[in-house]
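Me: Please take a close look at one part of this model, and then connect it to the rest of the chain. Plain wording will do.

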Amino acid sequence: MPMRIRAGALTALTVAALTAGTVLTAPAAGAAPKAAAPKFLSASQLPPHPTSAWTAGPVTEGFPEGLGFCVSTEGVLDYDYRHREFRTDLDAGAVQLTVVTGTAAQAKALAKHYDDLIRTCAHRIEESDPDVEAEGRDYGSLPVEEGARVRGLHTETSWGATDISLLSVGRDGRTVTVVSWGQMGDFDDAPVAAFKKTTATAVNKLY
């Protein structure tokens with residue numbers, strides 16, 4: 001993940017993703033039809049870093065590994081996944097995923113599924129690795145398009161490594177976006193207000 005989870009924590013997060021469940025099992029139908037590609041955040045629209053500018057990578061087809069610790073494609077239709085990763089020169093990183101589904105109803109279900117995975121991620125991390133303590137926080141919903149929700153996740157290993165992440169899920173019509181930000185630190189280091197603004201921009205910018 002872009003926020004540099006250490007080896008032990010990364011193992012826990014990967015296992016958590018693989019055991020997240022299969023809420024949206026794919027039916028016999030194929031992938032969703034192609035549509036106009038949603039737009040992505042720019043580097044300047046991320047929460048400002050106090051000492052380093054953000055750099056945006058290219059928009060890339062597929063599901064980003066940086067989200068695999070809490071959000072995955074397990075049990076989900078083969079939708080149109082695209083992502084963009086962001087980095088700083090120091091310890092902060094971010095990623096945005098967009099998922100174009102076949103219908104607004106599918107997108108609503110997928111957004112709920114992803115939010116449920118994020119909501120339960122801390123519990124799954126602790127179950128999978130006794131060397132990691134994790135805590136999740138709910139920072140509430142945002143009134144943007146069909147809605148968005150922001151959550152936080154803090155992990156600390158038995159050897160003292162600590163990381164803080166902010167994650168959000170939002171929807172516009174039949175498109176879902178997930179935004180993740182993270183760095184070393186704890187909840188006091190999380191730019192919640194700025195990340196909420198980033199999330200609202202991400203959802204509004206899709207189309």
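Reply: **Helix α3 and its surroundings**

The buried residues of α3 include Cys121, Ala122, Arg124 and Ile125. These four cover an arc of only 165° around the axis, which puts them on the same side of α3. The arc is taken from the directions that run from the helix axis to the C-beta atoms. Buried stands for a relative accessible area under 20%, exposed for one over 50%, and partly exposed for anything in between, with a 1.4 Å probe and protein chains only. In an α-helix there are 3.6 residues a turn, so residues three or four places apart point the same way.

The model is a predicted one, in which local features need pLDDT of at least 70 and side-chain atom pairs pLDDT 80 or more, while totals for chains, interfaces and linings use all residues. Numbering starts from 1 along each chain as its sequence is written, and side-chain values use heavy atoms, with hydrogens and water left out.

Cys121 also takes part in a disulfide, with Cys70 as its partner and 1.9 Å from S to S. The structure holds 1 disulfide, a term that here means a pair of cysteine sulfur atoms within 2.5 Å. Cys70 sits in the loop between β2 (60–61) and β3 (80–87), and Cys121 in helix α3 (residues 121–128), so the bond ties together parts that are 51 residues apart in sequence. Both cysteines, Cys70 and Cys121, are buried. The torsion about their S-S bond is about -95°, so the disulfide is left-handed.

The loop that holds Cys70 takes part in another pairing. The structure holds 1 aromatic pair, formed by Phe63 and Tyr81, which meet edge-to-face at 5.6 Å centre to centre with 80° between the planes. Phe63 is in the loop between β2 and β3 and Tyr81 is in strand β3, so this pair ties together parts that are 18 residues apart in sequence. Rings of Phe, Tyr and Trp (its six-membered ring) count as a pair if their centres lie within 6.5 Å; planes under 30 degrees apart are stacked, over 60 edge-to-face, and the rest tilted. Phe63 is partly exposed, at a relative accessible area of 23%, whereas Tyr81 is buried, at 8%.

Tyr81 leads on to strand β4, where Thr98 lies. Thr98 is buried, with a relative accessibility of 0%. Leaving aside residues up to four places away in sequence, Thr98 touches Pro38, Phe40, Asp80, Tyr81, Arg82, Val176, Thr177 and Leu206. A contact requires heavy atoms within 4.5 Å.

Val176 is also touched by Ala107, together with Thr101, Arg171, Gly173, Arg174 and Thr175, again not counting residues up to four places away in sequence. Ala107 belongs to helix α2 (residues 104–119) and, at 0% relative accessibility, is buried. Between the C-alpha atoms of Ala107 and Thr177, 70 residues apart along the chain, the separation is 9.8 Å.

A further helix can be described in similar terms. In α4, Val192, Phe195, Thr198, Thr199, Ala202 and Val203 are buried. They cover an arc of only 130° around the axis, which puts them on the same side of α4. On the other side of α4, Ala193 and Lys197 are exposed. The buried residues of α4 pack against β4 (93–100), β5 (132–142), β6 (148–157), β7 (162–172) and β8 (175–184). With 14 residues (192–205) at 1.5 Å a residue, α4 should span 20 Å, which agrees with its end C-alpha atoms being 20 Å apart. The expected span is 1.5 Å times one less than the number of residues.

The loop between β5 and β6 contains Glu145. Its phi is near 45°, a positive value in a residue other than glycine. At 44% relative accessibility, Glu145 is partly exposed.

As for the whole protein chain, there are 4 helices and 8 strands, in the order α-β-β-β-β-α-α-β-β-β-β-α from the N terminus on. These elements are DSSP runs numbered from the N terminus: helices are H or I with at least four residues, strands E with at least two. Of the 207 residues in the protein chain, 51% are buried. Among contacts between residues at least 6 apart in sequence, 65% join residues at least 24 apart.
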